[in-house]
Amino acid sequence: MRLLLADDEKELSNALVAILKHNNYTVDAVYNGTDALDYALTGDYDGIILDIMMPGLDGMDVLKKLRDKGLSTPVLFLTAKSEIDDRIKGLDLGADDYLPKPFDMGELLARVRAMLRRKADFSPTNLICGNLTLDRSGYDLSTPDHDKIHLASREFQMMELLMTSPGRIISVDTFMDRIWPDGEADVNIVWVYISNLRKKLSSLEANCEIKASRGVGYSITETN
């Protein structure tokens, strides 16, 4: 599951990222409302955790713009404000939950799980391109006539990015930012993973392929 965390308190943000990753979430962290809006609109997130008081745009403004653009990704507000009027305003704008600071980390994780369960009610478990199916719950890739192949975490994240919008080009920078955000890998690692995934598509006799757009990125498309 991929989360976007937007909080300008970097020490708290770093702690939250560490805890969420320890609980098997993929997390992108940003520190202002402008970046939060950009990431939310261009990324494929299962849930968004928003602080209200942020530079650039505050969390309320970010949420309003997201909902105005039709983005239904569930949102959990984190804020030092606990006044009832702020809670009502956030919920009226389309927030799914509200957690005042300071909070217990266990409660945060429980609220994130509840938020994602609600999303699962309208989010497809499987992503499909041609005869290829990616099972988001089991990290499995399959075609009707072959046994499924279990993907490692980063292989799955890469396929999920590609198969969420078949035909859309995903840049190398996007792969690096989403999958290797700590900068611990060279950009050539993207090509290595793409090469391995192509072999798996071939072994499954998938009628879709991962195409390279030179100098731009990669996309997955159905073949005739």
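1. Start with the cavity lining. Met1, Arg2, Thr26, Tyr139, Phe156, Gln157 and Glu160 line the largest cavity. The model is a predicted one. A search of the whole structure turns up one cavity of 30 Å³ or more. The volume of the largest cavity is about 40 Å³.

2. What classes of residue make up that lining? Three of the lining residues are nonpolar, two are polar and two are charged. Helix 6 supplies the largest share of the lining, three residues. Helix 6 covers residues 153-164. Phe156, Gln157 and Glu160 are among the lining residues.

3. Next, the domains. The domain assignment gives domain 1 as 2-120 and domain 2 as 127-222. How far apart do the C-alpha centres of domain 1 and domain 2 lie? The distance between these centres is 27 Å. Ten residues from domain 1 and ten residues from domain 2 take part in the contact.

4. Now the sheet of five strands. This sheet is open, and its strand order is 2-1-3-4-5. The pairing is parallel. Strand 2 (26-30) and strand 5 (97-100) are the edge strands, each pairing on one side only. From one strand to the next, the twist averages 20°.

5. Look at one pair in that sheet. Strand 1 (residues 2-6) and strand 2 run parallel and are joined by five bridges. Which residue stands opposite Leu3 in strand 2? That residue is Val27. Helix 1 (residues 10-22) packs on the sheet. Helix 1 touches strand 1, strand 2, strand 3 (47-51) and strand 4 (75-79). The direction of helix 1 makes about 170° with that of strand 2.

6. Two backbone details deserve a check by eye. Asn24 sits in the loop between helix 1 and strand 2. Phi of Asn24 is near 70°, a positive value in a residue other than glycine. The second detail is a cis peptide bond, which joins Lys101 and Pro102. Omega for this bond is about -5°. Pro102 lies in the loop between strand 5 and helix 5 (105-120).

7. Then the sheet of three strands. It is open, with the order 10-12-11 and antiparallel pairing. Why is one side of strand 10 and of strand 11 left without a neighbour in the sheet? Strand 10 (170-171) and strand 11 (208-213) stand at the edges; each has a single partner strand, so one side of each has no neighbour in the sheet.

8. Within this sheet, strand 10 and strand 12 (residues 217-222) run antiparallel, joined by two bridges. Ser171 stands opposite Gly217 in strand 12. Helix 6 packs on this sheet, touching strand 10, strand 11 and strand 12. The direction of helix 6 makes about 65° with that of strand 12. Helix 8 (residues 188-203) lies across strand 11 and strand 12. It runs at about 155° to strand 11.

9. To tie the points together, return to helix 6. Helix 6 packs on the sheet of strands 10, 11 and 12, and helix 6 also gives the largest share of the lining of the largest cavity. Thr26 is in that lining too, and strand 2 spans 26-30. Arg2 is another lining residue, and strand 1 spans residues 2-6.

Notes:
Residues are numbered from 1 along each chain as its sequence is written. This is a predicted model: local features need pLDDT of at least 70, side-chain atom pairs count only at pLDDT 80 or more; totals for chains, interfaces and linings use all residues. Side-chain values use heavy atoms; hydrogens and water are left out. Two strands pair if DSSP finds at least two bridges between them. Helices (H or I, at least four residues) and strands (E, at least two) are DSSP runs, numbered from the N terminus. Contact means heavy atoms within 4.5 Å. Axes are lines fitted to C-alpha atoms, for helices over the stretch in contact, and angles run from 0 to 180 degrees between N-to-C directions. On a 1 Å grid over the protein atoms alone, a cavity is a set of points where a 1.4 Å probe fits but cannot get out, and a pocket is an open set with protein on both sides within 12 Å along at least five of seven lines; lining residues have an atom within 4 Å of a point. Grid points are joined across faces, edges and corners, and a volume is the space filled by probe spheres set on the points. Ala, Val, Leu, Ile, Met, Phe, Trp, Tyr, Cys and Pro count as nonpolar, Asp, Glu, Lys and Arg as charged, and the others, Gly among them, as polar. Domain bounds come from an automatic or database domain assignment.
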